[in-house]
Amino acid sequence: MLQRLQFLIRLTHAHRIARRYFVTNGFDGALTMLGITIGFHASGVTELRAMLGTGLGAAIALAVSGVASAYVSETAERDRELQELEQSLARDLGESVHGLAATLVPWLVAATNGLAPLFIALLVLAPIWLQWAGVSLPLPPLHAAVAMAFLCVFLLGVFLGSISGRFWLWSALRTVLIAAATAGIILLVNLSLA
């Protein structure tokens, strides 16, 4: 079964699509959690339970949105491609490898699309959860969560650099600059509300 799945992934180039979705939605997860944690910090919210509840709510919403949107769009694309191929060959391919790919690949892409922001959001929330569980941290939980968000964005940049074949540090610095600009905008908006 695993070999067949690998074949279907190669046949449909789903690994490229899943990789793009992982980076795109992983970035969404990191920036969403960065926004939430900076918003809490700027607003003076210190209750760990409220932070966890809000963060987990956003992480779950990102995951469900990612799975649902990718599944619907990938299913439509795969169905269209299968219909075009069937018309070209003048035969039903529902039971073929192409038909199986049209069924399985949307699930693979949808899982990647949904799990990436969930995983990264949970990483960013980890310092807050650890503090809530009674684990002593060297930084206040919100500061540690912001640092974790920047680390996740940095690592996504490193990954993008390795994909493109460019120097990984420039790619990582570019993603960190985007996160820093986002943080600055959030702080400015919060200052204007004060």
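**Exercise 1. Determine which residues form salt bridges with Arg 80, and where these partners are placed.**

Solution. Begin with Glu 84, which forms a salt bridge with Arg 80, the closest N and O atoms being 2.9 Å apart; a salt bridge is here a side-chain nitrogen of Lys or Arg within 4 Å of a carboxyl oxygen of Asp or Glu. The model is a predicted one, in which local features need pLDDT of at least 70 and side-chain atom pairs count only at pLDDT 80 or more, whereas totals for chains, interfaces and linings use all residues. Residues are numbered from 1 along each chain as its sequence is written, and side-chain values use heavy atoms, with hydrogens and water left out.

Next, place the pair in the chain: Arg 80 and Glu 84 both lie in helix α3, 4 residues apart, which is about one turn of the helix. Helices (H or I, at least four residues) and strands (E, at least two) are taken as DSSP runs and numbered from the N terminus.

Then turn to Glu 77, with which Arg 80 also forms a salt bridge, again with the closest N and O atoms 2.9 Å apart. Glu 77 and Arg 80 are both in helix α3 (residues 48-89), at a separation of 3 residues, about one turn of the helix. Glu 77, Arg 80 and Glu 84 are thereby linked in a network of salt bridges, and the count under this rule comes to 2 salt bridges.

**Exercise 2. Classify Arg 80, Glu 77 and Glu 84 as buried, partly exposed or exposed.**

Solution. The classes are set by relative accessible area: buried means under 20%, exposed over 50%, and partly exposed in between (1.4 Å probe, protein chains only). Arg 80 has a relative accessibility of 38% and so counts as partly exposed. Glu 77, at 36%, counts as partly exposed, and Glu 84, with a relative accessible area of 41%, is partly exposed as well.

**Exercise 3. Describe the geometry of the ring pairs that involve Trp 168, and place their members in the chain.**

Solution. As a preliminary, a pair of aromatic rings is described by the distance of the centres and the angle of the planes. Rings of Phe, Tyr and Trp (its six-membered ring) pair if their centres lie within 6.5 Å, and planes under 30 degrees apart count as stacked, over 60 as edge-to-face and the rest as tilted. A search of the whole structure finds 5 aromatic pairs.

In one of these, the rings of Phe 154 and Trp 168 have centres 6.3 Å apart and planes at 90°, so the pair is edge-to-face. Because Phe 154 lies in helix α5 (residues 141-164) and Trp 168 in helix α6 (residues 168-193), this pair ties together parts that are 14 residues apart in sequence.

For the pair of Phe 167 and Trp 168, the ring centres are 5.9 Å apart and the planes stand at 55°, so the pair is tilted. As to exposure, Phe 154 is partly exposed at 25%, Trp 168 is partly exposed at 41%, and Phe 167 is partly exposed at 46%. Finally, Phe 154, Phe 167, Trp 168 and Trp 170 form one aromatic cluster.

**Exercise 4. Is Asn 25 buried or exposed, and which residues does it contact?**

Solution. Locate Asn 25 in helix α2 (residues 14-43). Its relative accessible area is 12%, so Asn 25 is buried. Leaving aside neighbours within four places in sequence, Asn 25 is in contact (heavy atoms within 4.5 Å) with Gly 66, Asn 113, Ala 116 and Pro 117.

**Exercise 5. Set these residues against the protein as a whole, and contrast Asn 25 with Arg 166.**

Solution. The protein has 6 helices and 0 strands, and 38% of its 194 residues count as buried. Its C-alpha trace spans about 65 × 35 × 35 Å along the principal axes. Of the contacts with a separation of 6 or more, 74% are between residues 24 or more positions apart.

Whereas Asn 25 is buried, Arg 166 counts as exposed, at 61% relative accessibility, and is found in the loop between α5 and α6. Arg 166 and Ala 76 are 90 residues apart in sequence, and their C-alpha atoms are 34 Å apart in space.
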